[in-house]
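Trainee: Could you take me through one part of this model up close? I'd like to start from the sheet and work down to a single residue and its surroundings.

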Amino acid sequence: MTTPYKILLLPGDGIGPEIMGQAVKVLHWLRDKRGLALELSEDLVGGASLARYDTPIRDEVIAQARQSDAVLFGSVGDPAWKNEPFDKRPEVAILRLRKELGLYANLRPAHLFEALLSASALKPDVVRGLDLMIVRETVGGIYFGEPRGIETLPDGSRRGINTEVYTTAEIERVARVAFDLARVRDGRVCSVEKGNVMESGLLWREVVTDLQKRDYPDVELTHMLADNCAMQLVRDPCQFDVLVTGNLFGDLLSDLASMLTGSLGMLPSATLGAVGSNGKRAALYEPIHGSAPDIAGKGIANPLAQILSLAMMLRYSLNRAEEAALIEKAVAQVLARGLRTADIAAKGETSIGTEQMGEAVLKEMDVLS
Ligand code: IPM
Ligand code: MG
């Protein structure tokens with residue numbers, strides 16, 4: 001008997017549980033039809049955990065995430081907690097998971113499905129064939145740098161402080177992920193920072209340049225300032241293969257890139273850590289969109305980013321590239337048939353709900369296999 005893969009499901013808040021429900025159906029399909037041995041467990045995070053346990057994530061959940069082969073995460077964020085201090089915010093759940101599991105490389109693909117060409121915010125000619133990968137550093141930079149805080153000055157006014165910090169080692173390990181990916185893609189990395197105004201950016205550029213010279217001479221490396229990169233992503237997004245950047249710029253640029261594909265609701269992500277002593281690489285998979293409280297519970301959210309995140313899990317953590325491709329193909333087919341959730345429907349087009357979209361993907365998987 002093969003040891004089952006331990007998967008921890010953390011649906012979270014808002015639309016999280018609805019879209020996770022569809023991904024779970026896909027997991028069950030893989031278990032029943034492909035003999036994938038799975039041990040699924042589930043827990044609360046974010047606002048859901050705050051409401052029940054008064055904390056965005058319990059230590060037990062972190063410990064369980066550590067013992068899992070992979071974590072499938074929904075989304076966190078709930079306006080009910082927006083006036084609470086930082087440690088009582090739902091978002092802490094994902095930040096702690098990234099930090100404590102050492103998940104330093106966030107892979108955010110922006111891939112345009114041909115059927116969604118007209119849903120893109122850009123003209124078809126500019127965006128056709130788009131397939132880029134943003135590698136965002138996720139455990140360093142200004143999100144975690146010290147000093148940080150809000151302090152009161154002698155005159156009674158206040159000052160908010162955050163610090164952008166990157167060490168050589170932090171830059172190098174995330175850049176390695178980008179170079180390795182480029183090798184199995186189009187062989188090009190563009191490194192993004194603000195070295196014109198920030199020392200951390202200067203060091204970033206230097207370290208990435210040295211690493212390329214030393215270990216990746218076969219990969220083409222270019223550099224771009226983050227503001228220019230935002231502009232270039234809109235002007236000519238197909239020029240990019242792999243982008244590598246820090247935490248904050250990666251957060252912004254990946255939201256921007258998502259709109260090029262038609263909807264934030266389409267984009268999955270993988271966040272990878274180091275390979276542990278057990279030979280396993282810590283990994284978490286999540287859609288890049290948020291919890292969308294405005295449409296939560298209505299059954300209209302797009303489950304495709306969650307389902308595509310599961311496909312990334314199969315590829316990067318479970319060594320099942322074939323099944324990952326099957327899911328991606330099923331999604332492409334469903335879109336090609338004209339099925340749309342509200343977020344990707346053109347004006348006047350009928351849209352289907354979360355559940356129907358999930359079922360449509362499963363049906364397509366049946367047909368394709
Ligand atoms: C993301 C989100 C998170 C981030 C939030 C929820 C903390 O925007 O994953 O992009 O800023 O990293
Ligand atoms: Mg974000």
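Mentor: Sure, and keep in mind that we're looking at a predicted model. The sheet is open and has ten strands, in the order S2-S1-S3-S12-S11-S4-S5-S10-S8-S9, with mixed pairing. At its edges sit strand S2 (38–42) and strand S9 (220–225), each of which pairs on one side only. From one strand to its neighbour, the average turn is 20°, ignoring direction.

Let's zoom in on S4 and S5. Strand S5 covers residues 131–137, and seven bridges tie it to S4 in an antiparallel arrangement. To find your place in that pairing, take Pro109: its bridge partner in S5 is Met133. Helix H9 (residues 247–260) packs on the sheet here, touching S4 and S5 as well as strand S8 (188–193) and strand S10 (242–245). The direction of H9 makes about 155° with that of S5. Then there's helix H10 (residues 304–316), which also lies across S4 and S5, along with strand S1 (5–12), strand S3 (70–75), strand S11 (268–275) and strand S12 (281–287). Against S11, H10 runs at about 30°.

Now for the single residue: Asn106, which lies in strand S4 (residues 105–111). Buried or exposed? Asn106 has a relative accessible area of 0%, so it counts as buried, the cut-off being under 20%. What does its side chain do in there? It makes a polar contact with the side chain of Thr271 at 3.1 Å, and another with the side chain of Ser269 at 3.5 Å. If you leave aside neighbours within four places in sequence, Asn106 is in contact with Ile134, Val135, Arg136, Thr138, Ser269, Ala270 and Thr271.

Follow Arg136 from that list and you get to the ligand. Arg136 is one of the residues around ligand 1, together with Glu91, Leu95, Arg98, Arg108, Tyr143 and Asp251. A polar side-chain atom of Arg136 lies 2.8 Å from an oxygen atom of ligand 1. For Arg108, an N or O atom in the side chain is 2.8 Å from a ligand 1 oxygen, and Arg98 places a polar side-chain atom 2.7 Å from an oxygen atom of ligand 1. As for cover, ligand 1 has 320 Å² of accessible area on its own, and the protein covers 77% of that.

Terms used
Residues are numbered from 1 along each chain as its sequence is written. Chains are lettered from A and ligands numbered from 1 in the order in which they are written. This is a predicted model: local features need pLDDT of at least 70, side-chain atom pairs count only at pLDDT 80 or more; totals for chains, interfaces and linings use all residues. Side-chain values use heavy atoms; hydrogens and water are left out. Helices (H or I, at least four residues) and strands (E, at least two) are DSSP runs, numbered from the N terminus. Buried means under 20% relative accessible area, exposed over 50%, partly exposed in between (1.4 Å probe, protein chains only). A polar contact is a pair of N or O atoms within 3.5 Å; within protein, one must be able to donate a hydrogen and the other to accept it, and residues adjacent in sequence count only if both atoms are side-chain atoms. Contact means heavy atoms within 4.5 Å. Two strands pair if DSSP finds at least two bridges between them. Axes are lines fitted to C-alpha atoms, for helices over the stretch in contact, and angles run from 0 to 180 degrees between N-to-C directions. A residue is near a molecule or strand if one of its heavy atoms lies within 4 Å of it. Accessible areas come from the Shrake-Rupley method with a 1.4 Å probe; for residues, only the protein chains shown count as cover.
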